[in-house]
Structure formats: C-alpha cells, structure tokens
Amino acid sequence: MRKQIAAANWKMNLTLQQAEALMDELNATPHRLSENQEAVFGVPFPYLINIKNKLAGKKNVFVAAQNCYSKKSGAYTGEVSAEMLQSIGTDYVILGHSERREYFNESHAMLAEKINICFEYGLKPIFCCGEPLDIRETGKENGYVETQLKECLFHLSAAQLTGFVIAYEPIWAIGTGKTASSEQAQQMHAHIRAVMAKKYGAEVAGSISILYGGSVKAGNAKEIFGQADVDGGLVGGASLVAAEFAAIINSLK
Ligand code: PGA
C-alpha cells in the first residue's frame, strides 16, 4: 500500500523562535498518523536540526530540506550538499518546486542531477511538477507534465522509483487561493500514474505517492485527498498554522 503523506512546505517563512512555537502548538493539537501515513516538514536549512529534535521519538514524522545542490562538494559558495543534509539526519528533499524552476532557473537536467545525488546519499526526493496557467488554458497540461516527468525521472531505475514521491502542483493554484477542483487533481494524478506505468509498469506506478499541492487547506483537504490517485498534499500557506496543518494531517486517507 503506497504511503499517504501530508508535507509542509514552509518556504522562506518564520524565524527559529516562530518555527519552534509552531511545532509546539502542532504537537499540542490533536492529530494522528496511522501505519501508512506520514507527516513531513519542509523547513529552511538553518532549522533542520532544531525541528528534527522537536520531532524526536515521534513515529512517521520526518524533516525535508527545500533544495540541495547537484554537486558533491567544493567551491560552490552558499550551496548545501546532499551529504551535509544526510549528516544532520535529513529524510526528504523537495526538488523542482516551481519557485525554484522560475526564480533560480533550475532546468530539467539540473533537477535530474539533484535527484541522483539525493539517491547517492540516501535522501528521499519529493519531486515537484505542474503547469503554468497559460498551458492549462490551452489544454496542454498533460503533455507539459509528461515532459517534466520524462526529462527528470526516466533515467532512474524501477527500484529507485518504487515508493517514490511526486508532488503535482499546478502553478496557477500555488499561493493564489485558487485550488484545482478534486476532478482536475484526480485527472492529472491519474495521468502521472499512467505515464509512470507505461515506462515502469503498473506495480512501480502504483507504489508512487502522488501529492497534490496548491492552496490545500483544512477546508478542502479531505475532498482532494479522497480522490483515488491523490495520496496527500504538499502544503505551503496552511502549513504555517498549527490547527490547519493538524486538520490536513487528519484528512489523509
Ligand atoms: P500553497 O503552496 O499551499 O501556499 O499554495 C504550495 C506549495 O507551493 O508547495
């Protein structure tokens, strides 16, 4: 049974004090995770150790970096390597978020390298894909997302993709308050699974957790997560509010 995941993406928000207070508040807010469910906290690099410590002893709860560099080590001032992340106990790395593709010019080729280095150091990628508004409006979203999958993932082995995590985030729904309808989410998630099945077979495709991202909140999570091919969410704004994120965790199926 593939994992159902509620992943927080704090982006570049919160001071350390605010972050720790948020985790304390979340810990005090009733939420539960069953055997096949996970909560993942995608936090800024400087807080990974602190938040990991806050989660110590808790089951099915993990931390994620929001990026890493594609090279092993060396003269890359300001970058953070996969090995560094591994050495502090990081579990996941969010890769290919549309904000990184857009503001930091991350290409398919660079993302493929970043995924490779994560595998090399035992970090689990959360690979983001999703189309901009003009592509959706011209009905070309399936092909657009298929290209992202092919260019960034198709060099990987079936073993590497077994239990892999993909986040579908339509760019027009990120931070806009405009959520894809549950039908739109299901349609694209089914398409992503079909693309992966065509290349790797139904068993591998069926093991991949496909998260939806884009204005997920307590009020819509249950309906979106209820779709057959939606295995949870990657949550920005609402993950900064303890009660919202606790309710989102409780909406996992
Ligand atoms: P949002 O962000 O929930 O604030 O729309 C989602 C994301 O960008 O991961």
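These legends go with a handful of close-up views of the structure above. The model is a predicted one, so local features need pLDDT of at least 70 and side-chain atom pairs count only at pLDDT 80 or more, while totals for chains, interfaces and linings use all residues. Residues are numbered from 1 along each chain as its sequence is written, and side-chain values use heavy atoms, with hydrogens and water left out.

**View 1. Phe62 and Tyr92 meet edge-to-face.**
This is one of six aromatic pairs in the structure. Rings of Phe, Tyr and Trp (its six-membered ring) pair if their centres lie within 6.5 Å; planes under 30 degrees apart are stacked, over 60 edge-to-face, and the rest tilted. Here the centres are 6.1 Å apart, with 75° between the planes. Phe62 belongs to strand β3 (residues 61–65) and Tyr92 to strand β4 (residues 92–95), so the pair links parts of the chain 30 residues apart. Helices (H or I, at least four residues) and strands (E, at least two) are DSSP runs, numbered from the N terminus. Tyr92 is buried, at 2% relative accessible area; buried means under 20%, exposed over 50%, and partly exposed in between (1.4 Å probe, protein chains only). Phe62 has another partner too: Lys124 lies over its face, 5.4 Å from the ring centre. For that, NZ of Lys or CZ of Arg must be within 6 Å of the ring centre and within 35 degrees of the ring normal.

**View 2. Phe119 and Phe164 are stacked.**
Their ring centres sit 6.3 Å apart, and because the planes are at 20°, the pair counts as stacked. Phe119 is in helix α5 (residues 108–120), and Phe164 is in the loop between α8 (158–161) and β6 (165–168), so the pair ties together parts 45 residues apart in sequence. Phe119 is partly exposed, with a relative accessible area of 24%, whereas Phe164 is buried, at 3%.

**View 3. The ligand and the residues around it.**
There are 13 residues around the ligand, and Lys11, His97, Glu169, Gly175 and Ser215 come nearest; a residue makes the list if one of its heavy atoms lies within 4 Å. A side-chain N or O atom of His97 is 2.7 Å from an oxygen atom of the ligand, and the side chain of Glu169 also has an N or O atom 2.7 Å from a ligand oxygen. Gly236 joins in through its backbone, with an N or O atom 2.8 Å from an oxygen of the ligand. How much of the ligand does the protein bury? Taken alone, the ligand exposes 280 Å², and the protein buries 95% of that (Shrake-Rupley method, 1.4 Å probe).

**View 4. Cysteines without a disulfide.**
The structure holds zero disulfides, a disulfide being a pair of cysteine sulfur atoms within 2.5 Å. For Cys68, the closest cysteine sulfur is in Cys118, 3.8 Å away, which is too far for a bond. Cys68 is buried, at 1% relative accessible area. Cys128 is in no disulfide either, and the nearest cysteine sulfur, that of Cys129, is 7.6 Å away.

**View 5. Two loop residues with positive phi: Leu14 and Ser215.**
Most residues other than glycine have a negative phi. Leu14 has a phi near 75° and is found in the loop between β1 (4–9) and α1 (16–28). Ser215 has a phi of about 55° and sits in the loop between β7 (209–213) and α11 (218–225). Leu14 is partly exposed, at 24% relative accessible area, while Ser215 is buried, at 17%.

Conventions: A polar contact is a pair of N or O atoms within 3.5 Å; within protein, one must be able to donate a hydrogen and the other to accept it, and residues adjacent in sequence count only if both atoms are side-chain atoms.
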